[in-house]
Amino acid sequence: MTARLNLMAGPVAAKAMKHIIAAGRALADSTLPFATQELVKLRASQINGCAGCIDMHTKEAAAGGETSVRLNLVAAWREATVFTEAERAALELTEQGTRIADAAGGVTDEAWANAAKHYDEEQLAALVCAIALINAFNRGNVITQQPAGDYQVGQFG
């Protein structure tokens, strides 16, 4: 499979993508746990059908110590017993924040309150940013049909 477009080849798209990448890197300095960040990115990418991001975030999570059992169960997290209550709250917020059009009101007050029970304001801000950024990456990759499978851990910084 060949991508329709290389978003890093043209000056305008490359500049925009570099800003999105930099925003993502800023989240590494947050107190939101690395595992939570990767689980959120993986779940949104599954929902959006972004093979490139699924490839990347499963490999990054595994390199960070995540188990194959947890990675394999992200798509069925509601029935899985391997996630903490905080992770479940983050995954619920991710699903609702990714499927905005499916829920006429967007993210429910219940999902937000549940996340707020487990994460402080700084972590919630990082969680919201992580969800928004991965959705931006997913959309760019899906629109341009970026291929997956060759990602190497740390490839983008």
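**Figure 1. The N-terminal end of α7 in the predicted model, with its cap at Asp-120**. A side-chain oxygen of Asp-120 lies 3.1 Å from the backbone nitrogen of Glu-122, and Asp-120 thereby caps the N-terminal end of α7. The helix comprises 24 residues, which at 1.5 Å a residue should span 34 Å. The C-alpha atoms at the ends of α7 are 35 Å apart, so the expected and modelled spans agree. Ala-126 is a residue of this helix. With a relative accessible area of 5%, Ala-126 falls under the 20% limit and is therefore buried. From Ala-126 to Pro-33 the chain runs 93 residues, and the C-alpha atoms of the two are separated by 10.0 Å.

**Figure 2. Gln-145, in the segment after α7**. Gln-145 comes just after the helix and takes a positive phi of about 55°. The residue is not a glycine, yet its phi is positive. The relative accessible area of Gln-145 is 31%, which makes the residue partly exposed.

**Figure 3. The largest nonpolar core**. This core contains 15 residues, and Tyr-119 and Leu-127 are those with the most contacts inside it. Both α5 and α7 supply at least two residues of the core. The largest share comes from α7, which provides six residues. In soluble globular proteins, nonpolar side chains tend to be buried together.

**Figure 4. Helix α5, residues 85-98**. The 14 residues of α5 should span 20 Å at 1.5 Å a residue, and the C-alpha atoms at the two ends of the helix are 20 Å apart, which agrees. Of these 14 residues, 13 are buried, so α5 is largely enclosed by the rest of the structure. The helix is also one of the elements that supply at least two residues of the largest nonpolar core.

**Figure 5. Polar contacts of Glu-95 within the structure**. Glu-95 is a residue of helix α5. Its relative accessibility is 4%, so Glu-95 counts as buried, the limit being under 20%. The side chain of Glu-95 is joined to that of Arg-43 by a polar contact of 2.7 Å. A polar contact of 2.6 Å joins the side chain of Glu-95 to that of Trp-77.

**Figure 6. Leu-42 in helix α2**. Leu-42 has a relative accessible area of 0% and is therefore buried. Along the chain, Leu-42 and Leu-91 are 49 residues apart; their C-alpha atoms are separated by 9.7 Å.

**Figure 7. The largest pocket and its lining**. About 1,100 Å³ of space lies in this pocket. The lining consists of 35 residues, and those closest to the pocket centre are Ile-21, Met-56, Phe-137, Tyr-151 and Phe-156. Two or more lining residues come from each of α1 (11-26), α2 (34-48), α3 (51-63) and α7 (121-144). Among the elements, α3 gives the most to the lining, with six residues. By residue class, the lining divides into 18 nonpolar, 11 polar and six charged residues. Rolling a probe the size of a water molecule over the atoms shows where empty space is left.

**Figure 8. Arg-70 in helix α4, residues 68-73**. Arg-70 has a relative accessible area of 13%; this is under the 20% limit, so Arg-70 is buried. Ala-28 is 42 residues from Arg-70 along the chain, and the C-alpha atoms of the two are separated by 21 Å.

**Figure 9. Thr-108 in the loop between α5 and α6 (109-118)**. At 31% relative accessibility, Thr-108 counts as partly exposed. Thr-108 and Ala-63 are 45 residues apart in sequence, and the distance between them in space is 33 Å, C-alpha to C-alpha.

Methods: Residues are numbered from 1 along each chain as its sequence is written. This is a predicted model: local features need pLDDT of at least 70, side-chain atom pairs count only at pLDDT 80 or more; totals for chains, interfaces and linings use all residues. Side-chain values use heavy atoms; hydrogens and water are left out. On a 1 Å grid over the protein atoms alone, a cavity is a set of points where a 1.4 Å probe fits but cannot get out, and a pocket is an open set with protein on both sides within 12 Å along at least five of seven lines; lining residues have an atom within 4 Å of a point. Grid points are joined across faces, edges and corners, and a volume is the space filled by probe spheres set on the points. Helices (H or I, at least four residues) and strands (E, at least two) are DSSP runs, numbered from the N terminus. Ala, Val, Leu, Ile, Met, Phe, Trp, Tyr, Cys and Pro count as nonpolar, Asp, Glu, Lys and Arg as charged, and the others, Gly among them, as polar. The expected span of a helix is 1.5 Å times one less than its number of residues. A polar contact is a pair of N or O atoms within 3.5 Å; within protein, one must be able to donate a hydrogen and the other to accept it, and residues adjacent in sequence count only if both atoms are side-chain atoms. Buried means under 20% relative accessible area, exposed over 50%, partly exposed in between (1.4 Å probe, protein chains only). A nonpolar core is a set of buried Ala, Val, Leu, Ile, Met, Phe, Trp, Tyr and Cys residues joined through side-chain atoms within 4.5 Å.
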